[in-house]
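Hello,

Here is the structure I promised to pass on. Have a look at it first, and my notes follow underneath.

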Amino acid sequence: MLATVFVVAACGLIYELLTATISSYLLGSSVTQFSLCIGTFIGAMGVGSWASQHIEKNLLRVFLLTEVALAVVGGLSAWSLHAAYAFWGTGYYFVLFGVLILVGGLVGLELPILTRLLSGYGALKNILASALSFDYIGSLVGSILFPLLLLPMLGATRTAFLVGLLNLGVAAWNVYLFRERIKRFSVPLIGIGALGALLFVGFVTSDKATGFFERGLYEDTVLLARQTPYQRIVITRRKSDLRLYLDGNIQFSAADEYRYHETLIHPAMSLSASREDILVLGGGDGLAVREILKWPDVKTVTLIDIDPAMTNLAKTYPALKELNQNSLSDPRVITRHEDAYKFLEKEIKRYGVIIGDLPDPNNEALGKLYSKEFFKFVKERLGRGGIFVNQSTSPLFARDAFWCVGKTMRAAGFNTTPYHVYVPTFGDWGFTLSRAAPEPAPDITKTRLTGLKLKFLQSANLITLTAFDADTSEPLVEISTLDHPRILNYYEAETKRWE
């Protein structure tokens with residue numbers, strides 16, 4: 001029975017983390033999603049615990065039915081959330097809170113009923129202490145297994161089905177444990193076995209079902225979908241247009257990515273005093289590195305990307321490898337899989353050019369990479385006469401966030417030059433070019449592009465990159481820090497206006 005307490009506690013905690021994680025993937029703003037999900041779940045647990053006092057008879061039957069219900073609702077929870085997001089849109093929150101209330105309420109029923117079932121085996125104070133101890137330890141184990149083992153190895157959907165099977169296993173174990181109290185105890189075992197078979201089928205076929213839901217999210221054919229410990233990677237294709245999505249957010253379209261990458265890379269490379277050693281933060285798709293390697297005096301390119309699955313795809317997936325011209329396999333390229341913040345915190349080498357090709361600041365983990373503290377680390381790693389350029393989101397769709405990046409960089413000790421370019425897939429997109437003070441801000445019009453094979457960028461259009469219209473000009477914004485990541489608030493508020 002105490003083993004039952006341990007297992008159901010671990011299962012309940014995993015369901016809680018699972019719903020919050022899926023919502024973070026789909027909606028962004030991980031702090032908001034985790035707060036909403038955990039708060040709702042715990043509140044529902046309280047309601048379930050309160051309701052347990054009104055259950056006077058058939059405690060064993062109620063417990064077994066609770067486990068079966070948890071197995072069904074919890075096992076199908078990931079499918080339900082993905083389907084709601086893909087096909088219902090605004091109805092997603094109805095499904096989310098429905099799952100949280102149902103699962104939380106059922107989890108809240110478990111421990112009081114188990115404690116009452118255990119009450120015949122010793123003094124109440126000992127039973128209660130033991131039950132709570134096993135409950136807390138089970139929760140701890142669940143919280144460790146979920147991020148380190150279950151999510152990276154199985155993904156969200158298979159994890160949900162596996163935990164559902166564990167709940168059914170608990171029910172079957174207790175049917176056997178209390179078989180003397182249950183008339184014809186083989187009947188519930190048969191029912192549990194049938195449900196277990198259905199959940200196992202869901203576990204085995206979860207990739208196909210998830211792929212079906214993802215096809216509802218993406219307009220194009222899904223070629224690859226992979227869950228890693230860090231993100232959901234999806235590659236799609238429509239005719240010759242290859243696209244990469246991370247956690248549902250588009251990263252590039254092969255039809256126009258060259259406009260983005262040429263504009264990001266070549267002004268910085270041209271204006272730097274040295275191009276021998278280059279540092280790229282992010283850019284695991286290899287497209288920024290492809291542009292860097294067009295400069296013949298480059299000796300080393302150090303690429304920092306936290307996700308080895310992404311860089312491995314860039315090296316091995318044929319369509320992506322063709323697009324990036326096999327850049328990550330170039331002997332001059334050194335790939336390191338680390339958090340960019342942690343890397344800069346301990347790095348001692350200085351670089352002639354540092355490229356920030358990171359995703360938009362749409363969650364807390366990314367928000368720190370746009371903070372004053374992060375930019376100070378960048379400044380310390382920049383060589384004399386070096387250039388730092390950072391992708392800075394859209395000055396039109398996320399105006400405050402764009403200018404917050406530049407202001408934060410200036411607060412960290414840079415002199416900056418903001419500029420932007422039109423990329424059809426993204427719209428108006430912005431960058432911030434900079435030198436460490438007291439060196440002057442870079443003059444982008446002095447960029448030299450002779451000898452480079454480029455599709456878009458040329459000397460004639462450089463001057464247009466620094467012109468901003470009235471609706472994209474600099475507003476009054478505050479800087480972003482680790483303690484107060486204002487850029488997250490700016491980004492979330494502005495992007496919601498365009499949804």
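Which residue lies over the face of Phe 203? Arg 158 does, at 5.6 Å from the ring centre. A charge counts as sitting over a ring if NZ of Lys or CZ of Arg is within 6 Å of the ring centre and within 35 degrees of the ring normal. Tyr 176 has such a partner too: Arg 179 lies over its face, at 4.1 Å from the ring centre.

Before going on, please note that this is a predicted model, where local features need pLDDT of at least 70 and side-chain atom pairs pLDDT 80 or more, while totals for chains, interfaces and linings use all residues. Residues are numbered from 1 along each chain as its sequence is written, and side-chain values use heavy atoms, leaving out hydrogens and water.

Now for the rings. The whole structure holds 18 aromatic pairs (rings of Phe, Tyr and Trp, the last by its six-membered ring, with centres within 6.5 Å). In one of them, Tyr 419 and Phe 431 are stacked (planes under 30 degrees apart), because their planes are at 25° and their centres 5.2 Å apart. Tyr 419 belongs to strand β10 and Phe 431 to strand β11 (strands are DSSP runs of E, at least two residues). Both Tyr 419 and Phe 431 are buried (under 20% relative accessible area, 1.4 Å probe, protein chains only). Ring pairs also join Tyr 341, Phe 374, Phe 375, Phe 377, Phe 388 and Phe 414 into a cluster.

Finally, Gly 406 counts as buried because its relative accessibility is 7%.

Best wishes

Terms used. Buried means under 20% relative accessible area, exposed over 50%, partly exposed in between (1.4 Å probe, protein chains only). Rings of Phe, Tyr and Trp (its six-membered ring) pair if their centres lie within 6.5 Å; planes under 30 degrees apart count as stacked, over 60 as edge-to-face and the rest as tilted. Helices (H or I, at least four residues) and strands (E, at least two) are DSSP runs, numbered from the N terminus.
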